[in-house]
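Let's take a walk through one stretch of this structure, looking at which side chains are tucked away and which rings sit together. Keep the viewer open as you read.

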Amino acid sequence: MTTAMTTKQTILYLPVVHAGYEDFLTRHADSDEILLLGRGFAEVFPKLAKDIRGLAPERAARHARLIVPGTEVRVLEPADLAAGAVRAGLVVLPDEEIMHLLAARPDFPDEAELRFESTFLRWDREWSRAGRPAGFDERISRAKLDRRFMTAARREAGRSSDWWRQVGAVAARDGEVLRVAHNHHHPTEYTPYIDGDPRNDFSRGVRTDLSTAIHAEASLVAGAAGEGTSLAGADLYVSTFPCPGCARLVVEAGFRACYFAGPYSMLDGEEILRAGGVELVWVDMTGDAGVPADGPTGSASN
């Protein structure tokens with residue numbers, strides 16, 4: 001319960017109303033007030049202006065008042081923040097990039113006791129990057145050739161213009177590169193930033209076909225097919241573990257092994273690759289400049 005000595009405010013960006021937001025608002029109905037980011041923050045955080053789902057903040061506030069009828073709900077604008085609308089008490093925020101940037105602003109009170117609550121309400125950069133290591137077939141490689149191909153995959157990933165996830169893929173056989181590819185969008189690289197990303201409306205793993213993107217592995221397989229290059233028996237090097245859709249293409253293309261050095265949040269792809277007889281090999285990139293020392297542990301094979 002909120003005491004006379006301590007105020008509690010909850011601040012969030014509320015672009016839509018769904019069960020997740022309803023639960024979040026209900027949990028914090030004991031707040032002295034709930035503040036929703038207003039239109040002016042689209043100038044402070046330009047990515048908010050690209051959210052085609054976004055309700056008008058005033059309308060979102062009306063919905064919120066129906067969910068927590070006994071709690072004051074109002075719209076917060078940048079000028080209100082500068083005027084001291086956020087007080088030096090307990091401030092609860094979703095653990096999202098936008099909220100961390102908000103709290104880091106110079107006009108946000110230093111005396112506020114911040115509580116970032118880890119709960120998935122919407123996609124942001126950190127949620128999109130989230131993942132956990134896939135398994136591997138008790139084989140870890142530190143072979144120079146494998147590390148060279150993985151470096152090439154990571155370099156290719158850097159060519160992607162995708163805001164959320166950059167992935168590179170390399171197909172190789174007998175020490176020679178057959179083809180490289182990275183994830184991109186159609187009809188142009190910038191389609192999701194102009195028209196909005198259809199993935200915004202779906203949770204992880206739900207209708208992954210509804211996207212303007214073609215993944216690196218799919219682009220690689222399609223490109224090889226277009227030029228008549230067989231990938232049967234080749235090795236695949238990917239900077240991020242394949243999603244289920246790409247895993248099916250990898251199996252159908254006849255790849256011998258999948259070398260990876262990065263996790264992915266949906267690991268059904270691992271089961272698909274194993275069932276298809278594709279060997280899974282973790283490439284240990286530790287020791288390279290700028291490469292994080294994480295991933296599976298065990299004895300390296302050469």
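## Where helix H10 stops

Keep in mind that this is a predicted model. A handy place to start is Gly 254, which comes after H10 and has a positive phi, near 90°.

## What H10 hides

Now back up into the helix itself. H10 spans residues 244-253, and its buried residues are Pro 244, Cys 246, Ala 247 and Val 250. These residues sit on the same side of H10, because they cover an arc of only 155° around the axis.

So what covers the buried residues of H10? The cover includes two helices, H9 (216-226) and H11 (268-275), along with strand E11 (235-238).

## H11, inside and out

H11 has its own set of buried residues: Gly 269, Glu 270 and Leu 273. Look down the axis of H11 and they fall within an arc of 105°, so they line one face of the helix. Turn to the other side of H11 and you'll find Glu 271 and Ala 275, both exposed.

The buried residues of H11 pack against H10, and also against strands E12 (257-260) and E13 (279-283). After H11 comes Gly 277, again a glycine with positive phi, this one near 75°.

## Rings that pair up

How many aromatic pairs are there? The count comes to 5. One of them is Tyr 237 with Tyr 259, a stacked pair with 4.5 Å centre to centre and 15° between the planes. Tyr 237 belongs to strand E11 and Tyr 259 to strand E12, so this pair links distant parts of the chain, 22 residues apart.

Are these two tyrosines buried or exposed? Tyr 237 is buried, at a relative accessible area of 2%. Tyr 259 counts as buried too, with 3% relative accessibility; the cut-off for buried is under 20%.

Phe 260 and Trp 282 make an edge-to-face pair, 5.5 Å centre to centre with 90° between the planes. Phe 260 is in strand E12 and Trp 282 in strand E13, so the pair ties together parts that are 22 residues apart in sequence. Both of these residues, Phe 260 and Trp 282, are buried.

## A cluster to finish on

One more residue joins the two tyrosines: Phe 149, Tyr 237 and Tyr 259 form one aromatic cluster. If you're picking side chains to display, this cluster goes well with strand E11, which holds Tyr 237 and is part of what covers the buried residues of H10.

How values were computed
Residues are numbered from 1 along each chain as its sequence is written. This is a predicted model: local features need pLDDT of at least 70, side-chain atom pairs count only at pLDDT 80 or more; totals for chains, interfaces and linings use all residues. Side-chain values use heavy atoms; hydrogens and water are left out. Buried means under 20% relative accessible area, exposed over 50%, partly exposed in between (1.4 Å probe, protein chains only). Helices (H or I, at least four residues) and strands (E, at least two) are DSSP runs, numbered from the N terminus. The arc is that of the directions from the helix axis to the C-beta atoms. Contact means heavy atoms within 4.5 Å. Rings of Phe, Tyr and Trp (its six-membered ring) pair if their centres lie within 6.5 Å; planes under 30 degrees apart count as stacked, over 60 as edge-to-face and the rest as tilted.
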